[in-house]
Amino acid sequence: MDHRRYAVNVRSPAMIAAAGILLLSSSACLAAQPAEPISKERIREDVRVLSSDEFEGRGPGQQAESKTLRYLVSQFKAAGLVPGGVQGTWYQEVPLRRFDRGPDVKVSLKQDDGTAVPLKVGEDVTLSSHASGHVSLMDAPLVFVGYGIRAPALGWDSFGAIDLHRKVALVLANDPDFEATPDSPAYGKFEGKAMVYAGRFGAKVAAASAAGAAAVLVIHEDAAASYPWRQVANGDRIAGMELASADGAGSSTVISGWLQRDVAVRMLRNAGLDFAQLKVSARDPKFRPLPLVGVALSADFTVTVHEVTSHNVLARLPGRSRPQETVLYGAHWDANGKGAPTPDGDDIRNGAVDNATGTAELLEVARAFARGKRPARSVLFIAYTAEEKGLLGSQYYASHPLYPLELTAAVINLDPHVMLGRARDIELVGGGRTDLEDDLAHAASAEGLRLEPEPHPEAGWYFRSDHYSFSIRGVPSLSFRIGRDIEDGGLATGTARADDYNVNRYHQTKDEFDPQWTFEGSAQEASVAWRVGLGIANSSRWPAWKPGVEYAVLRAQSDAQRH
Ligand SMILES: [Zn+2]
């Protein structure tokens, strides 16, 4: 909130009464001022509670889900919002399927000389499968398919006419522009440094699966994957999920995973191939798949499938004059839950930053709206489930919306990434897509913050959180996070803190509440979010995609419904 407004509000009844004594100390003045719309102390308290061990890391469908839901509902209710879910409830059920891999996993790589080298799962390789029962692959030949991208519009086809049936697709992380140099034959074709969606792990698995592959292994490199190996390897212990409605019947791929870089380099060397050379060849549009002579993968394990019902939590503030129009705020309540312990014996991935913080900010923005003058449009707050399993809760809502997506003016996502102190900038994730970015720039400047592009667009963050579920359905969406240029130490300190978080805490048991956190950056994040949405909720403008952005086509189909 603008500080000038406090100056006007200073004449509260208490102040006028106090003025009877004529001499007002400045501290008395401060005490009588209205509270800040966003309180870092309330954010702290919500984060502390949600990330405590009692909440067991908020795994969807796990024991502590009901406790998490009750807490969120109690906070929304106390703020004065009404239930926004199905049939007057606070919930939308999200039917899921969980895949539990059995403990006896055998994986080995047969080399050119006929020897089989066992691979350690969770150290050399990660494995997941959406199959059911006994999964077995015997001596499946490996084929190097470059970046594993089929993009006819770009004249790109990593697969060509190869038959990948019963074979393993070996794929590079990221996209051909990631390490391209100006002399690369296709330099700039894949949006330069920023990752395109086809560069994501899931997109590669889908593409290789469509090409018939029985398994997909993506070669892990820290920079290209943007997740350090330790974090990927830790993730191997976490059960995968999909929407129960997902129909995998047509999919040939039974195994997908990451292959640790050194293991891949050694294997390629044994097959007479040079990893660096292969990467260069994969950046050429003329690249064609390369079978690795004599190299084959065997894997054997069991998968038990469980049906799980999880929940999105929805709270609403009906609009004053155009209640059928919606501004949607979202944050995922889930983290990676309770599971296999890490070597230090901790079995709870508390998700204090990711995403107790975003969830706490969502609650705080909801309180700010509920306390203020009722906006023209309705404001919907959704705490999504199962984001960590692949944006499942938001995907479910976006394909089963309770308020029409055609009349959803904007989606604002709260999924911050690092706990930072008070900052001088805010980072826009995946910029250049919608005019909401101008609203964000204004809101940021009103909060005294500079808007900066995200520093690592090659990490593909735009595709990695719940707003993306709405973008692909045409709804203009916005994602941002507090910047690294922090007041206490500047960019160097902020970047060091972000790097430390990424390597040592993100998605791990160490993403735990720290009493030292000031929550200043979180409050800035929430303030900006509140301000952006407030503007749109009181406007009759329909935010739009920028010309040429792929999601604009779908949005245009419902233009007639928006006046
Ligand atoms: Zn997150």
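The globule rule used here is 2.2 Å times the number of residues to the power 0.38, with the radius of gyration taken over C-alpha atoms. Keep that in mind for the first stop on this tour of a predicted model.

**Whole chain.** Show everything as C-alpha atoms. For 563 residues the rule expects a compact globule to have a radius of gyration near 24 Å, and the chain has 25 Å, so the two agree. Line the view up with the principal axes and those atoms fill a box of roughly 95 × 50 × 50 Å.

**Cartoon.** Switch to cartoon and you'll be looking at 17 helices and 20 strands. Of the contacts between residues at least 6 apart in sequence, 83% join residues at least 24 apart.

**Surface.** Now turn on the surface: about 23,100 Å² is accessible, with 54% of that belonging to carbon and sulfur atoms. Buried residues account for 55% of the chain. Colour by charge next; the mean positions of the 60 positive and 69 negative charges sit 4 Å apart.

**R150.** Select R150, which you'll find in strand 6, residues 150-151. Is R150 buried or exposed? Neither quite fits: R150 has 40% relative accessibility, and partly exposed covers the range between 20% and 50%, so that is how R150 counts.

**Around R150.** Show its contacts beyond four places in sequence: W156, D157, F159, G160 and A211. Zoom in on D157, whose side chain makes a polar contact of 3.0 Å with that of R150. Then pick the backbone oxygen of G160, which the R150 side chain reaches at 2.9 Å.

**Last stop.** Zoom out and select A423, 273 residues from R150 along the chain; their C-alpha atoms are separated by 41 Å.

Terms used
Residues numbered from 1 in each chain as written. Predicted model: local features only at pLDDT ≥ 70, side-chain atom pairs only at ≥ 80, totals over all residues. Heavy atoms only, no water. Helix = DSSP H or I, 4+ residues; strand = E, 2+ residues; numbered from the N terminus. Buried < 20%, exposed > 50% of the residue type's maximum accessible area, 1.4 Å probe, protein only. Contact = heavy atoms within 4.5 Å. Areas by Shrake-Rupley, 256 points an atom, 1.4 Å probe, with all protein chains shown as cover. Lys, Arg positive; Asp, Glu negative; His and termini not counted. Charge placed at Lys NZ, Arg CZ, Asp CG, Glu CD. Polar contact = N/O pair within 3.5 Å; in protein donor to acceptor, adjacent residues only side chain to side chain.
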